Amino acid sequence: MTETKGYAAQDAKTSLAPWNFQRREVGPHDVQIDILYCGVCHSDLHQIHDEWGGSIFPMVPGHEIIGRVSKIGTQVKNFKVGELAGVGCLVDSCRECENCKHGLEQYCTGGQSYTYNSYEQDKKTITYGGYSKFIVTHEDFVLHISEKLPIKGVAPLLCAGITTYSPLRHWKIGKGHKVGVLGLGGLGHMAVKFAVAFGAEVTMLSTSASKEKDAKKLGAHKFVLTSDAESLKTVKGYFDFIVDTVSAPHDYNLYLSLLKTDGIQICVGVPPTPAQIFGFSLLAGRKSLAGSSIGGLPETQEMLDYCAEHNIISDVEIINIKDINSAYERMLKGDVRYRFVIDMATL
Ligand SMILES: [Zn+2]
Ligand SMILES: [Zn+2]
């Protein structure tokens with residue numbers, strides 16, 4: 001084991017603070033990455049406060065990890081020391097179930113190993129995330145990162161990027177589709193960028209008029225203020241798809257009414273309480289309410305390569321790790337455009 005430094009929450013009530021912990025030695029199939037940047041995801045905040053239940057402490061959050069390979073195991077075939085590499089939300093999976101065999105490790109039925117707040121496949125070693133100096137990960141769960149893009153803006157692609165790219169690809173969303181993106185935050189701003197890049201007509205749906213300028217800058221073709229009844233009327237029965245990125249409680253029935261016949265509302269955000277949905281919201285117009293969770297390893301690599309080719313990155317604000325707790329407070333108020341990324345040189 002090698003000692004390393006990170007920032008951890010010791011329980012659900014305390015703020016993040018420096019903490020020393022152990023990482024495993026680099027095994028034959030492992031890649032060690034010296035972390036340069038790590039994105040700050042809303043789920044980091046949910047999990048350190050144990051809002052989803054079952055949190056494991058101490059917890060080192062962070063699953064939008066970018067750095068350079070500093071060591072490789074003797075059997076590693078796909079990575080070299082010195083190259084850029086990334087780790088997203090997953091560090092391992094059972095590799096045997098139907099989903100794993102199809103590159104859908106995010107839906108592993110044998111129990112996937114998340115990057116933090118989770119266990120390795122031995123089901124007892126706790127995983128620690130990217131708010132740390134380095135990480136040791138099996139090469140099958142490490143991603144290649146292009147040198148073409150500014151890596152600060154690439155880090156959030158590993159969660160916010162793939163979370164929105166995957167459903168857009170799954171439902172083959174593109175030219176000829178009218179897409180509504182609900183909520184303009186870390187996920188929403190990436191959903192807009194991808195949907196526009198895929199050729200869809202994109203409408204930003206937001207409760208905040210101040211987001212209109214930004215939505216247009218991101219490439220959205222239209223903006224609808226959802227708190228304004230007149231504005232909403234213009235898009236009743238309008239959309240083929242709505243990508244719902246909101247993780248606060250909201251009325252699903254209202255947004256289903258904006259779909260046309262056979263329309264699909266795809267949820268990628270997780271509100272803390274169950275939603276009430278009227279049967280008629282779905283029956284009238286044969287509509288679907290669907291969900292999608294992050295992405296598997298092959299698709300995450302495909303997304304990173306697509307972004308490198310099409311010059312797509314996340315809009316980020318770089319922070320010092322000492323400011324992580326105040327960054328969380330700002331995130332709660334929606335005061336970030338659109339992702340905080342920690343400069344790990346400040347650790
Ligand atoms: Zn995330
Ligand atoms: Zn599996």
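Is Thr226 buried or exposed? In this predicted model, Thr226 is buried, since its relative accessible area comes to 8%, and the views below take up that residue together with the whole chain, a helix and a metal site.

**View 1. Thr226 and the residues around it.** Thr226 sits in the loop that runs between strand S12 (222-225) and helix H7 (229-233). Leaving aside residues up to four places away in sequence, Thr226 touches Leu205, Ser206, Thr207, Leu232 and Tyr255. With a relative accessible area of 8%, Thr226 falls under the 20% below which a residue is called buried.

**View 2. The zinc ion (ligand 2) and its protein donors.** The SG atoms of Cys94, Cys97, Cys100 and Cys108 serve as the protein donors of the zinc ion (ligand 2), and they lie 2.3 to 2.4 Å from the metal. The arrangement is tetrahedral because the four donor atoms subtend angles of 101 to 120 degrees around the zinc ion (ligand 2). For comparison, the ideal angle at a metal with four tetrahedral donors is 109.5 degrees. Read along the sequence, the donor residues follow the spacing C-x2-C-x2-C-x7-C. One of these donors, Cys100, is buried, with a relative accessible area of 9%.

**View 3. Helix H4 and the elements that cover it.** Helix H4 (residues 160-170) is largely enclosed by the rest of the structure, because nine of its 11 residues are buried. The buried residues are Ala160, Gly161, Ile162, Thr163, Thr164, Tyr165, Ser166, Pro167 and Leu168. Their cover includes two helices, H5 (186-197) and H10 (297-310), together with strands S13 (239-244), S14 (259-267) and S17 (339-343). Just after H4, Lys172 adopts a positive phi of about 50 degrees.

**View 4. The chain as the setting for the close-ups.** The secondary structure of the chain consists of 11 helices and 17 strands. Its radius of gyration is 20 Å, close to the 20 Å that the globule rule gives for 347 residues, so the chain is as compact as a globular protein of that length. The C-alpha trace spans about 60 × 40 × 35 Å along its principal axes, and buried residues make up 55% of the 347 residues. Among contacts in the chain with a separation of 6 or more, 66% are between residues 24 or more positions apart. The chain exposes about 14,800 Å², of which carbon and sulfur atoms supply 53%.

Technical notes:
Residues are numbered from 1 along each chain as its sequence is written. Chains are lettered from A and ligands numbered from 1 in the order in which they are written. This is a predicted model: local features need pLDDT of at least 70, side-chain atom pairs count only at pLDDT 80 or more; totals for chains, interfaces and linings use all residues. Side-chain values use heavy atoms; hydrogens and water are left out. Donors are N, O and S atoms within 2.8 Å of the metal (3.2 Å for Na, K and Ca); water is not among the atoms, so sites may look incomplete. Four donors count as tetrahedral if all angles lie between 85 and 135 degrees; four count as square planar and six as octahedral if opposite donors are over 155 degrees apart and all others between 65 and 115; anything else is irregular. Buried means under 20% relative accessible area, exposed over 50%, partly exposed in between (1.4 Å probe, protein chains only). Helices (H or I, at least four residues) and strands (E, at least two) are DSSP runs, numbered from the N terminus. Contact means heavy atoms within 4.5 Å. The radius of gyration is taken over C-alpha atoms; the globule rule is 2.2 Å times the number of residues to the power 0.38. Accessible areas come from the Shrake-Rupley method with a 1.4 Å probe; for residues, only the protein chains shown count as cover.
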